[in-house]
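Visitor: Hi, I'm new to this one and would like a walk through it. Could we take it a topic at a time?

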Amino acid sequence: MERRLNLEDVGRRAGVSRSTVSRVVNGGHVSSETKRRVEAVIAETGYRPHAAARSLASNSTGVIGLVIPSAAGTLFDDPYFGRLILGISSATNEVDMTLALFLFGDGPDERSIISRVVTPGLVDGVIVTATTRGDPLIDHMQGTNMPFVVVGRPDNAGSTFCVDVDNRAGARTAALHLAGLGCRRPALIAAPSNTTAGVDRRSGFLEGLAEAGLSVEDRIVEGDWSQESGRRAMDRLLAERPDAVFVASDRMAVGALRAIREAGLNCPGDISVVSFDGIVPPDLTAPQLTSVVQPVTEVGERAVRLLTTVIAGASTPEHVVFPTELAVRESCGATPTAEPEA
């Protein structure tokens, strides 16, 4: 097995000392000519510095932590997290850093993991996602010196770096779309009210209905993001004879479609359905699901880039909000539109 090159090897080939090579690798001050020679040897040999040694020299770990306060089963069942992690991982690779995943599911577990995550020397910064309203996690993070970014809208967004999508505007668009199709008895399968995404999607949908002179009255049931909760919610709503339903997540919408089918009804003939997320491939549902599409992968990528600015010393909180787009397919009864770009 060929021996791995070290700093001395690179220095010998470039005609400089080991310490000079170290300064070049870690961004220290050297002359432009010396830097050029060392970098030429590095490019020629394919030399890569040992991660641990570089960490010690630069006082950084080269690691970004992703904290998901969610049970592992939920994480791997939900395609949202798959796309989010894909975006975060891709951007982490681009900035030549490593991604570490931290999962927890209850209070003691949270406190134990967070105390380790914020320990100096483990990670350079943290991305936090899937928090609930009133979750002490964000307050705890703000009480440390650890750079962090939140995916979603935390309760205290004004004092936090965060990346979100415009949940409220997307849900409003769904309401106006259904109203424009002639729906008069809309219903809502809402996302959990203990999440800001759930609150924003509910508020946006009701706002859009009000603009159109409509309301859900008693035709509203809250789910928990899962497919089964969508099925149960739709079962309850069928007694209210809605002609349309907005479902606040694709996973719950899949369950709602199942309940409509099992009741012997037709979608969109009897009930039009519009959901939110755009993460379920169209060919996996019948009819194909009309959905408000959020750019999950791009959110993950932007979270990493924003975190790098926080690590570099940015101190003025920034709140990045991505727009959504309505993908009209078969389930609402309208003529399908061109698919949004992935």
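Guide: Gladly, and one definition helps before we start: helices and strands here are DSSP runs, numbered from the N terminus, with at least four residues for a helix and at least two for a strand. Please also keep in mind that this is a predicted model.

Visitor: Okay, so where is proline 287?

Guide: Proline 287 sits in the loop between strand 9 and strand 10, the latter covering residues 290-293. The peptide bond that leads into proline 287 from alanine 286 is cis, and its omega is near 0°.

Visitor: And what kind of peptide bond joins cysteine 267 and proline 268?

Guide: Cysteine 267 and proline 268 are joined by a cis peptide bond, with an omega of about 15°. Proline 268 belongs to the loop between helix 12 (250-262) and strand 9 (272-277).

Visitor: Switching to pockets, how much space lies in the largest one?

Guide: The largest pocket holds about 860 Å³ of space. It is lined by 44 residues, and those closest to its centre are Phe81, Ala130, Thr131, Thr195 and Trp225.

Visitor: Which helix gives the most to that lining?

Guide: That is helix 10, which gives four residues. Several elements supply at least two residues each, including helix 6 (79-94), strand 4 (148-151) and helix 13 (296-311). Sorted by class, the lining has 17 nonpolar, 15 polar and 12 charged residues.

Visitor: Where does the pocket lie relative to domain 2 and domain 3?

Guide: The largest pocket lies between them, because domain 2 (63-164 + 296-323) and domain 3 (167-294) both contribute residues to its lining.

Visitor: Last topic: at what angle do helix 2 and helix 3 pack?

Guide: Helix 2 (residues 18-25) and helix 3 (residues 32-45) pack at about 85°, and their axes are 10 Å apart. Since angles of 65 to 115 degrees count as roughly perpendicular, helix 2 is therefore roughly perpendicular to helix 3.

Visitor: Which residues meet there?

Guide: From helix 2 come Thr20, Val21, Val24 and Val25, and they meet Thr34, Lys35, Val38, Glu39 and Ile42 of helix 3. The residues of this contact divide into five nonpolar, two polar and two charged.

Terms used:
Residues are numbered from 1 along each chain as its sequence is written. This is a predicted model: local features need pLDDT of at least 70, side-chain atom pairs count only at pLDDT 80 or more; totals for chains, interfaces and linings use all residues. Side-chain values use heavy atoms; hydrogens and water are left out. Axes are lines fitted to C-alpha atoms, for helices over the stretch in contact, and angles run from 0 to 180 degrees between N-to-C directions. Angles under 35 degrees count as roughly parallel, over 145 as roughly antiparallel, 65 to 115 as roughly perpendicular and the rest as oblique. Contact means heavy atoms within 4.5 Å. Ala, Val, Leu, Ile, Met, Phe, Trp, Tyr, Cys and Pro count as nonpolar, Asp, Glu, Lys and Arg as charged, and the others, Gly among them, as polar. On a 1 Å grid over the protein atoms alone, a cavity is a set of points where a 1.4 Å probe fits but cannot get out, and a pocket is an open set with protein on both sides within 12 Å along at least five of seven lines; lining residues have an atom within 4 Å of a point. Grid points are joined across faces, edges and corners, and a volume is the space filled by probe spheres set on the points. Domain bounds come from an automatic or database domain assignment.
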